[in-house]
Amino acid sequence: MKFAIISRGDELSNRLKEELASQLIQSQCVEDQRNPTLVISVGGDGTMLEAFHRYVHHLSRVAFVGVHTGRLGFYADWRPEELKELVGFITRVSIDGEANMKLVAYPLLEVLVVHEEGHHSRHLALNECTLKTTEGSLVMNLEVNEDHFETFRGDGLCISTPSGSTAYNKSLGGAIVHPSLASIQITEMASINNRVYRTIGSPLILPAHHTCVLRPQNDVAYHVTIDHLTLIEKNVEHIRLKVAKERIRFARFRPFPFWKRVRESFID
Ligand code: NAP
């Protein structure tokens with residue numbers, strides 16, 4: 001098994017990274033940062049987001065697993081004291097054949113930013129894409145499946161994946177969506193609603209065969225976030241959002257039920 005480890009960079013995560021690498025190498029696994037089969041993130045969800053974006057062009061060949069060191073760790077199911085057990089599972093899969101590795105695939109969000117000059121850039125988000133501007137309110141026409149739905153005016157919009165629904169989306173009052181539902185969710189940030197301006201005011205959940213297009217109504221620069229990354233986009237003609245054809249795959253060496261994770265992260 002070829003593996004790569006990404007650490008959050010703090011002392012504990014770096015120490016665990018070293019321990020994990022040495023134990024896996026002793027078990028005949030090979031460290032390969034360029035072309036791994038298994039990417040292990042050691043840190044929190046922010047570290048998993050970094051790991052995802054580092055290997056975003058290898059999604060069909062790579063599986064991810066997370067060890068969490070102290071923070072929320074919604075994507076990370078292994079605790080530091082369980083390192084030996086994790087190494088045992090990885091070694092067993094390595095011996096039995098990687099084809100036997102149990103995987104779960106989660107939907108991703110595709111973001112296509114199309115500029116007035118015709119060129120475009122395509123991005124994949126694991127959590128969400130947000131749109132804001134520092135030049136007044138965000139004013140965007142929102143279309144669903146090519147039909148005008150509303151003109152949004154307010155602080156911003158958040159379009160999230162099911163696994164990202166527990167992140168920024170949740171703070172905005174969005175629903176928590178199980179990752180088995182291939183969908184995207186659109187949530188508003190402080191929309192202006194009065195006699196003049198009107199938006200739906202509720203989060204919208206779109207299925208995989210639906211597309212959302214946002215058309216700027218002002219000629220300003222937009223802050224487009226893709227997970228933890230921020231792009232400044234000018235001369236935007238439209239932004240097209242939908243469930244991506246790619247998925248992220250997580251190695252499941254043992255059960256990790258979504259609703260249990262939700263309860264443990266937000267209630268217990
Ligand atoms: P950060 O501001 O350092 O951390 C954001 C927090 O969100 C951390 O506690 C992180 O967990 C948690 N988180 C990330 N993904 C999650 C998920 N899928 N479910 C539940 N919690 C999750 O930023 P960051 O570490 O670079 O992460 C970027 C993310 O921050 C964005 O994708 C966005 O979702 C989130 N964010 C949230 C708000 C808000 O809620 N108002 C505002 C901006 C950004 P860990 O501690 O385990 O890393």
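Is Arg122 buried, partly exposed or exposed? Arg122 is partly exposed, with a relative accessible area of 36%. The legends below describe close-up views of a predicted model, beginning with this residue.

**Figure 1. The salt bridge between Arg122 and Glu246 in the predicted model.** The closest N and O atoms of Arg122 and Glu246 are 2.9 Å apart. Arg122 belongs to strand E6 (residues 120-125) and Glu246 to strand E15, so the salt bridge ties together parts of the chain that are 124 residues apart in sequence. Glu246 has a relative accessibility of 21% and therefore counts as partly exposed, the lower limit of that class being 20%. Arg122, at 36%, is likewise classed as partly exposed.

**Figure 2. The salt bridge between Glu264 and Lys260 in helix H5, and a network elsewhere.** The side chains of Glu264 and Lys260 meet with an N to O distance of 3.3 Å. Both residues lie in helix H5, where they are four residues apart, about one turn of the helix. In an α-helix there are 3.6 residues a turn, so residues three or four places apart point the same way. Glu264 is partly exposed, with a relative accessible area of 37%, and Lys260 is also partly exposed, at 41%. A further view shows Glu110, Arg122, Lys245 and Glu246, which are joined into one network by salt bridges that share partners.

**Figure 3. The salt bridge between Glu85 and Arg254.** The structure holds 13 salt bridges, and in the one shown here the closest N and O atoms of Glu85 and Arg254 are 3.8 Å apart. The pair links distant parts of the chain, 169 residues apart. Glu85 is located in helix H3 (residues 83-96), whereas Arg254 is found in the loop between strand E15 (236-251) and helix H5 (258-266). Glu85 counts as partly exposed at 40% relative accessibility, and Arg254 is partly exposed with a relative accessible area of 22%.

**Figure 4. Polar atoms of Asp45, Gly46 and Glu128 beside the ligand.** A polar backbone atom of Asp45 is 2.8 Å from an oxygen atom of the ligand. For Gly46, a backbone N or O atom lies 3.0 Å from a ligand oxygen atom. Glu128 takes part through its side chain, a polar atom of which lies 2.5 Å from an oxygen atom of the ligand. Taken alone, the ligand exposes 840 Å², and the protein buries 69% of that area.

**Figure 5. The shell of residues around the ligand.** The ligand is surrounded by 18 residues, and the closest are Asp45, Gly73, Glu128, Thr166 and Ser171. By class, the shell has six nonpolar, eight polar and four charged residues. Helix H2 gives the most to this shell, with three residues. Domain 1 (2-102 + 252-266) and domain 2 (108-245) both give residues to the shell, so the ligand lies between the two domains.

**Figure 6. Helix H2 and its buried residues.** Seven of the ten residues of helix H2 are buried, so this helix is largely enclosed by the rest of the structure. The buried residues are Asp45, Thr47, Met48, Leu49, Ala51, Phe52 and His53. Asp45 is also among the residues closest to the ligand.

**Figure 7. Two loop residues with positive phi, Gln28 and Asp227.** Most residues other than glycine have a negative phi. Gln28 has a positive phi near 75° and lies in the loop between helix H1 (11-26) and strand E2 (30-31). Asp227 has a positive phi of about 55° although it is not a glycine, and its place is in the loop between strand E13 (222-226) and strand E14 (229-233). Gln28 is exposed, with a relative accessible area of 67%, whereas Asp227 is buried, with a relative accessible area of 8%.

**Figure 8. Leu109 in strand E5.** Strand E5 spans residues 103-115 and includes Leu109. The relative accessibility of Leu109 is 0%, so this residue counts as buried. The C-alpha atoms of Leu109 and His57 are separated by 15 Å, the two residues being 52 residues apart along the chain.

Methods
Residues numbered from 1 in each chain as written. Predicted model: local features only at pLDDT ≥ 70, side-chain atom pairs only at ≥ 80, totals over all residues. Heavy atoms only, no water. Near = heavy atom within 4 Å. Polar contact = N/O pair within 3.5 Å; in protein donor to acceptor, adjacent residues only side chain to side chain. Areas by Shrake-Rupley, 256 points an atom, 1.4 Å probe, with all protein chains shown as cover. Helix = DSSP H or I, 4+ residues; strand = E, 2+ residues; numbered from the N terminus. Nonpolar A, V, L, I, M, F, W, Y, C, P; charged D, E, K, R; others polar. Domains from an automatic or database assignment. Salt bridge = Lys/Arg side-chain N within 4 Å of Asp/Glu carboxyl O. Buried < 20%, exposed > 50% of the residue type's maximum accessible area, 1.4 Å probe, protein only.
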